[in-house]
Amino acid sequence: MTTEPRWLDDQQLDAWKRLVAVVELLPGVLDSQLRRDADLSHFEYYVLAMLSEARDRTLRMTDLAGATNATLPRLSHVVARLEKRGLVERVPCPEDRRATNAHLTDAGWEKVVATAPGHVATVRDHVIDPLTDEQVAQLDAIAGAILERVDPDDRMGFLRR
C-alpha cells in the first residue's frame, strides 16, 4: 500500500526554500569574516567557543564532538590543527583513562576573546539586526521546534536551556 506524499503548498515551499538558502549562505558569511579577521574557520572558532564556555575550559573529546555536531575523526583533525597553533591541548581524562580531554590554552582563550567581537558583529549584522525583537523570539521558538525533531537527544545542548 503506497501513500500519496504530503506535498508542500506554495507558502510552505517558499518558507522551505528560504530556510535552505539561509542554511547554505550563512556559513559562508560567518566563515569569511572569521578567516579574514582571525585566521580561523567557523568550525574552528566554534570548537574554541565551546571550550571557552566549559568548566575549566575543558571537555571530553566525545562531549565536544556532540556539542559541535562533529564526528570524532573530523574533530580530532581540527583539534590537531588548533594544537599546532597552541590554542588547544589534548590531555588525559582524569576520570576515565580511556578518554581524552580537549583543553583551551591561555593562547586559545585570548584568541576567543579577541575574535568574539568581530564574530558577534557579523552575527548581529546578518541575523539579529534585520529582525524585530518579536521576530528574534519567533526565530528562537522556530529553531527550538525544529531542533526537537533533528536533535531529540539534545546532543548539541540547546533544547534544555
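A pocket, as the term is used here, is an open set of grid points with protein on both sides within 12 Å along at least five of seven lines, and its lining residues have an atom within 4 Å of a point. The structure treated in these exercises is a predicted model.

**Exercise 1. Describe the largest pocket and identify which element supplies the largest share of its lining.**

Step 1. Begin with the space itself: the largest pocket holds about 2500 Å³.

Step 2. Turn to the residues around that space. The lining comprises 50 residues, of which V22, L26, V127, L139 and A143 are the closest to the centre of the pocket.

Step 3. Assign the lining to elements. At least two lining residues come from each of α1, α2, α5 (106-128) and α6 (133-150).

Solution. The element sought is α1, with 13 residues of the lining.

**Exercise 2. Determine which residues of the largest nonpolar core touch the most other members, and which element supplies the largest share of this core.**

Step 1. The largest nonpolar core has 25 residues, and those touching the most other members are V47, L48, L75, L82 and V88.

Step 2. At least two core residues are supplied by each of α1 (10-38), α2 (42-53), α3 (61-68), α4 (72-84) and β3 (100-104).

Step 3. The largest share, eight residues, belongs to α2.

Step 4. Examine L48 in detail. Leaving aside residues up to four places away in sequence, L48 touches L40, L82, L87, V88, L104, K111 and V112.

Solution. The residues are V47, L48, L75, L82 and V88, and the element is α2. As a general background, nonpolar side chains in soluble globular proteins tend to be buried together.

**Exercise 3. State where D39 and D56 are found, and decide whether each is buried or exposed.**

Step 1. Consider the backbone angle. Most residues other than glycine have a negative phi. D39, however, has a positive phi of about 55°, and the phi of D56 is near 60°.

Step 2. Locate the residues. D39 lies in the loop between α1 and α2, while D56 lies in the loop between α2 and β1 (58-60).

Step 3. Apply the cut-off for exposure, which is over 50% relative accessible area.

Solution. D39 is exposed because its relative accessible area is 53%; D56, at 55%, is likewise exposed.

**Exercise 4. Find which aromatic rings lie beneath the charged ends of R57 and R74.**

Step 1. The charged end of R57 sits over the ring of W109, 4.0 Å from the ring centre.

Step 2. For R74, the ring is that of F43, with the charged end 3.7 Å from its centre.

Solution. The rings are those of W109 and F43. Aromatic pairs, by contrast, number zero in the whole structure.

Conventions: Residues numbered from 1 in each chain as written. Predicted model: local features only at pLDDT ≥ 70, side-chain atom pairs only at ≥ 80, totals over all residues. Heavy atoms only, no water. Phe/Tyr/Trp six-rings, centres within 6.5 Å; stacked < 30°, edge-to-face > 60°. Lys NZ or Arg CZ within 6 Å of the ring centre and 35° of its normal. Core = buried A, V, L, I, M, F, W, Y, C linked by side-chain atoms within 4.5 Å. Buried < 20%, exposed > 50% of the residue type's maximum accessible area, 1.4 Å probe, protein only. Helix = DSSP H or I, 4+ residues; strand = E, 2+ residues; numbered from the N terminus. Contact = heavy atoms within 4.5 Å. 1 Å grid on protein atoms, 1.4 Å probe; cavity = no way out; pocket = protein on both sides within 12 Å on 5 of 7 lines; lining within 4 Å. Points joined across faces, edges and corners; volume = space filled by probe spheres on them.
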